[in-house]
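Trainee: I'm new to this one. Could you show it to me and explain the terms as we go?

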Amino acid sequence: MTTLPHSDPKCRDLLDGWFKQFREALGRDDFRGLDGLIAEDCYWRDLLTFGWKLQTHHGIGPILSWLRGSYRKGAAQNLRLVGEITNAGLGDVFSETIESFFDFETSVATARGYLRLVPDSSSPVGARAVTILTAMRELHDFPEPSKQRRPRVTAMVFDEGAKAAPQPGNDPDVLIIGAGQSGLMLAARLSHNGIKTLLVDRNSRVGDLWRQRYRTLKLHNETCMNHFPYLPFPETWPVYLPRDKVVSWLEFYAESMDLDIAHDTTCLGGRFDEASGTWTIRLKPHDGSEYTLNPKHVVLATGVSGFPDVPAIDGADTFTGTIVHSSEVNDAFDVRDKTVVVVGAGTSAHDIAQMSHVNGGKVTMIQRSPITVVSLEPSAALPFGIYRNNDGIKHIDDLDLIYASVPYDLVRRLQIGMSKTMMKLDEELLSGLRKVGFLLDNGHDDTGWVMKLFRYQAGYYLNIGASDLIVEEKIKLRSGVGIARLDESSVVLSDGSRLPADIVVFATGYQPLEKSVARLFGEDVAARVGPIYGIGNDGELQNMYGATGQPHFYVTGGGFAGARSYSRYTTLLIKAQLEGLLSGQASAKPDTDSMGAKTTPRRTAAHA
Ligand SMILES: Cc1cc2nc3c(=O)[nH]c(=O)nc-3n(C[C@H](O)[C@H](O)[C@H](O)COP(=O)(O)OP(=O)(O)OC[C@H]3O[C@@H](n4cnc5c(N)ncnc54)[C@H](O)[C@@H]3O)c2cc1C
């Protein structure tokens, strides 16, 4: 492999030469010549353009066999490089890269790609691709009515019947269960694309879930990566948004995007009718009545707030104090001068322990197994530097593409080095934690908190102060033990010791989303959908955002950036299906084990 200084004008020549050959190879039946353009270690991630799926292929062999199976000659037309060339690098895996966007069209849509090349003298054109992203943007026949194509009036306000009033007979095309940030973002995209969409939420107002959390809560990712589709946050807003700003933004967003929401309405579940291709969904408003709607598509956007996971503990019925799950803890939670035992050591456990300490409680945290701790600054922000470094410079849609161009398996490889950097940066904090007996790990494969986020949404804490309180022993810690049972006034630990307690908080997370699916739609549907979230054998998040094994059923969620970025693809899929562009149901079920990876066991905790 040869290397080039970043400023070398040869980069342009290499990119142009490579791209010309790439375009030609894609025009041949047998893709002859492609193997000379692609590194053995290359990843090609495709978001809907060549197969209505979110998929990743790794290595020349798997890439070629996927293309032979899915790519029809000439499927990508008018391939052209766009924008500026970037010299960058991907950590210690591909340290020097030449990067560029490219645009093309398929028979149904416009698409945008992102390329990473490395100079390589063994290639006939002097460079090989190490990552290729191809992603659908807009359907030719149904372009987004934005900017120069914006509607002359707000159809949803002026057209009678355009709004899907939540009543029988006025069925939406899409029913989204949950009006949290994920549901709202997807609803905005769907509605904007002319799809009649209804959100249902058991809460009374948008943002209630956040309102119920403690006032001092701040987001853990920076504002520059948390923007909403079509409506970015003001440029002047702080780096970490406080709870009340999140709440007011969610309400403002729902209002300004004209979203249709049935509040105070719990979705009780439903069933899918294969013959008609519609769902019958049972809805229960808080007035006690019940009605059904028949949407064509259902999207689960219930976050992890579905069903709290509270372990059955011997003696709980004899305990005279208060037992709560973390989901029930809010500002009104009175802990002054009380002895609080927090069971768990994830994010919620830390947040509640910190809040209880600040509010005058005497707090002990019970940590059964190790977790990963990183500082919010500088460590937690490192993996998302692309957003911070380009804040106000590149469009958020382009940043999402650059981020998406690094498949999860490559993220894993990058995090081996990056998590070590974080540990170095956080040395003082981590050694302080070790001294008081806090159990730390860096993930089973040494990839730190980022891979725990993508695999389990749990098992780490981004320190916003609770770790310091633990180090200072203001929050007491019992580690390496679990709860054996409760008695009248105390928690009995697995080593036989006792902790007096007025309040026991179970910060033990939530049941996996699969269980929510089973409870709402039955075991058959849950089995067809399969595991949700976590990285599957195909290298993609399992059954998130794309079509699932259950026809007309989607799941959305994750953090703000994921929900924003991938709501585009859910929308494209649903629109294509509604307009008859898909022959049959697009299947998201992994059909190859292209990553050779194992599906890891997962658990779900309070939040990312
Ligand atoms: C302290 C803290 C910091 C955070 N920081 C960040 C951050 O910096 N970046 C980031 O990306 N994320 C952050 N998060 C957000 C979190 O990670 C999740 O991404 C987010 O809350 C999930 O949003 P959601 O829309 O998927 O689900 P939720 O917000 O949980 O919304 C789900 C909705 O579904 C409704 N619902 C559930 N079941 C039903 C039913 N059967 N019928 C009707 N309605 C139902 C609920 O009422 C709720 O309104 C943070 C969270 C916390 C607590």
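Mentor: We'll go through the terms one by one and check each against its definition.

Mentor: This is a predicted model, where local features need pLDDT of at least 70, side-chain atom pairs count only at pLDDT 80 or more, and totals for chains, interfaces and linings use all residues. Residues are numbered from 1 along each chain as its sequence is written.

Trainee: What makes a stretch a helix or a strand, and how many helices and strands does the chain have?

Mentor: Both are DSSP runs numbered from the N terminus: helices are H or I with at least four residues, strands are E with at least two. Counted that way, the chain has 17 helices and 24 strands.

Trainee: How do you know whether the radius of gyration agrees with a compact globule?

Mentor: The radius is taken over C-alpha atoms, and the globule rule is 2.2 Å times the number of residues to the power 0.38. For 608 residues that rule gives a value near 25 Å, and the chain has 25 Å, so the two agree. Along the principal axes, the C-alpha atoms fill a box of roughly 75 × 60 × 45 Å.

Trainee: What makes strand 3 and strand 4 a pair?

Mentor: Pairing requires that DSSP finds at least two bridges between the strands. Strand 3 (residues 77-90) and strand 4 (residues 94-105) are joined by eight bridges and run antiparallel. Arg80, for instance, stands opposite Asp103 in strand 4. Their hairpin has three residues between the strands, and Gly91 there takes a positive phi near 50°.

Trainee: Which strands are the edges of the sheet ordered 9-8-7-13-24, and why are they called that?

Mentor: That is an open sheet of five strands with parallel pairing. Strand 9 (261-262) and strand 24 (553-555) are its edge strands, as each pairs on one side only. Further in, strand 7 (residues 174-177) and strand 13 (residues 297-300) pair in the parallel sense over four bridges, with Val174 opposite His297.

Trainee: Why is helix 4 called oblique to helix 17?

Mentor: Axes are lines fitted to C-alpha atoms, for helices over the stretch in contact, and angles run from 0 to 180 degrees between N-to-C directions. Under 35 degrees counts as roughly parallel, over 145 as roughly antiparallel, 65 to 115 as roughly perpendicular, and the rest as oblique. Helix 4 (residues 181-192) and helix 17 (residues 560-578) pack at about 40°, with axes 9 Å apart. That angle makes helix 4 oblique to helix 17.

Trainee: What makes two residues count as in contact, and which of helix 4 take part?

Mentor: Their C-beta atoms, placed from the backbone, must lie within 7 Å. Helix 4 contributes Gln181, Ser182, Met185, Leu186, Arg189 and Leu190, while the residues from helix 17 include Phe560, Ala563 and Ile574. Helix 4 also lies across strand 7, strand 8 (197-200) and strand 13, running at about 165° to strand 8.

Trainee: What is unusual about Asp264 and about the peptide bond from Glu377 to Pro378?

Mentor: Most residues other than glycine have a negative phi, and most peptide bonds are trans. Asp264 is not a glycine, yet has a positive phi of about 50°; it lies in the loop between strand 9 and strand 10 (265-273). The bond from Glu377 to Pro378 is cis, with omega near 0°, and Pro378 is found in helix 8 (residues 376-380).
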